[in-house]
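Where do charged side chains pair up along a folded chain, and which parts of the fold do such pairs bring together? The following paragraphs take up these points for the model shown here.

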Amino acid sequence: MVACTDSPDPADSPAVEQPGTEAPAAPVTPPAEPSVEPASVQVPTDCDSLIPAESIASGMQQYPDRAPRWAATMFGPKTHETVMAGDSLLTCAWGFPQSDVIAVVSVSLISEAAKSGLLTSLKGSIYEDASAFYKDLGVEAEIAYKRPPSNDLQYVSTVLIDGPVLVAASQTTDGEFAGKALQSIQGLNGD
């Protein structure tokens, strides 16, 4: 799946709306209800702590400068909006140089209202419930949804929620980035 090109960047392509999701609104306004207390759940502060090195394919490099653009382009609009409105935001990206093989992962802490709104959006979209898949992998998540690749969107997107923790991942490469990120956070919090 590696294409030897001049490092295509999904952010250079027009964003594709996903059926069943809302179009991005004007700048995101913080929620009116109290947000999750960041001290209540610890989130890794760097990408090396979020995804263990042994989970990254040999030769993949981090692209911190591209991570926000890739997340904005590759996540569904409601997922991106919810991630960005959360607390303790961390966004990481990896890829093979000179290829279209990339992965982007964002983590944030969200409120119950934000969780409910995102779940409603996921249920009405092309995302599929992936609870059984993650349970078989040994990943404990309250909510698990995955959007398989299609002709229009040639990458996999995953949304995992466990309590206030939201993990969103999109990737054109093999690997379980969302599950590894959630397990890292759960390990950090003694779960």
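What follows is a walk through salt bridges in this predicted model.

The structure contains four salt bridges, and a convenient place to begin is helix α4, which spans residues 112-123. Here E112 is paired with K115, with 3.2 Å separating the closest N and O atoms. Both residues belong to helix α4 and stand three residues apart, which corresponds to about one turn of the helix. Their surroundings can be told apart by accessibility: E112 counts as exposed because its relative accessibility is 59%, a value over the 50% cut-off, whereas K115 is buried because its relative accessible area of 4% falls under 20%.

K115 also takes part in a salt bridge with E142, the N to O distance being 3.1 Å. This pair links distant parts of the chain, since K115 sits in helix α4 while E142 lies 27 residues away, in the loop between α5 (131-137) and β5 (143-147). With a relative accessibility of 44%, E142 counts as partly exposed, because this value lies between the 20% and 50% cut-offs.

A further salt bridge joins the side chains of K146 and E176, at 3.7 Å from N to O. Here too the pair links distant parts of the chain: K146 is in strand β5, and E176, 30 residues apart from it, is in the loop between β7 (165-171) and α6 (177-188). Returning to helix α4 and its partner, E112, K115 and E142 are joined into one network by salt bridges that share partners.

Terms used:
Residues are numbered from 1 along each chain as its sequence is written. This is a predicted model: local features need pLDDT of at least 70, side-chain atom pairs count only at pLDDT 80 or more; totals for chains, interfaces and linings use all residues. Side-chain values use heavy atoms; hydrogens and water are left out. Helices (H or I, at least four residues) and strands (E, at least two) are DSSP runs, numbered from the N terminus. Buried means under 20% relative accessible area, exposed over 50%, partly exposed in between (1.4 Å probe, protein chains only).
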